[in-house]
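Thanks for coming. I have one structure for today, and I will keep it short. Please have a look at it first.

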Amino acid sequence: MNTNAIVLCCTLLAAIPAAAAEPRFDLSQDEYAVGVRHFGVDEDTRIIGWQLADGIYFGRRQGEIDDFGFVLKRGDTQYSFTEHGIGWHRSISLFH
């Protein structure tokens with residue numbers, strides 16, 4: 001075993017008691033561990049992941065097509081950059 005592996009193992013073992021002592025916070029219904037949240041982007045699309053900025057999301061997209069990647073929402077237009085390619089979705093509503 002090399003020196004780097006030994007240092008990494010010792011660091012991980014030393015961090016276990018410190019991590020166990022951290023207080024736990026109750027998460028809301030739309031919030032999960034490590035900042036992962038549930039976002040309703042529009043009526044047909046939900047994101048489980050992170051909101052990086054206003055209208056920019058990264059995570060698992062659930063909707064007509066389920067995949068993983070970036071989603072940009074600008075008004076009625078939604079762009080997705082995912083493992084399946086680049087997508088474009090435009091919402092049209094008759095009842096504004």
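Let me start with Y79, in a model that is predicted. Is Y79 buried, partly exposed or exposed? Its relative accessibility is 35%, and because partly exposed covers the range between under 20% for buried and over 50% for exposed, Y79 counts as partly exposed. In the chain, Y79 sits in strand β5.

Y79 also belongs to a nonpolar patch on the surface, together with W50, L52, F70, F81, I86 and W88. The accessible area of these residues together is about 780 Å². Which strands supply at least two residues of the patch each? They are β2 (46–53), β5 (77–82) and β6 (85–90).

Now the other side of Y79's surroundings. Y79 is one of the residues that V71 touches, leaving aside those up to four places away in sequence. The list for V71 also includes I47, Y57 and R61. V71 is itself part of the largest nonpolar core, which has five residues: F39, V41, I47, Y57 and V71. In soluble globular proteins, nonpolar side chains tend to be buried together.

Finally, the whole protein. There are six strands and one helix, and the order from the N terminus is α-β-β-β-β-β-β. The protein has 96 residues, and 20% of them count as buried. Its accessible surface is about 7600 Å², with 60% belonging to carbon and sulfur atoms. Among contacts with a separation of 6 or more, 8% are between residues 24 or more positions apart.

Terms used
Residues numbered from 1 in each chain as written. Predicted model: local features only at pLDDT ≥ 70, side-chain atom pairs only at ≥ 80, totals over all residues. Heavy atoms only, no water. Patch = residues over 30% accessible without salt bridge, like charges linked within 9 Å, V, L, I, M, F, W, Y side chains within 5 Å. Areas by Shrake-Rupley, 256 points an atom, 1.4 Å probe, with all protein chains shown as cover. Salt bridge = Lys/Arg side-chain N within 4 Å of Asp/Glu carboxyl O. Helix = DSSP H or I, 4+ residues; strand = E, 2+ residues; numbered from the N terminus. Buried < 20%, exposed > 50% of the residue type's maximum accessible area, 1.4 Å probe, protein only. Contact = heavy atoms within 4.5 Å. Core = buried A, V, L, I, M, F, W, Y, C linked by side-chain atoms within 4.5 Å.
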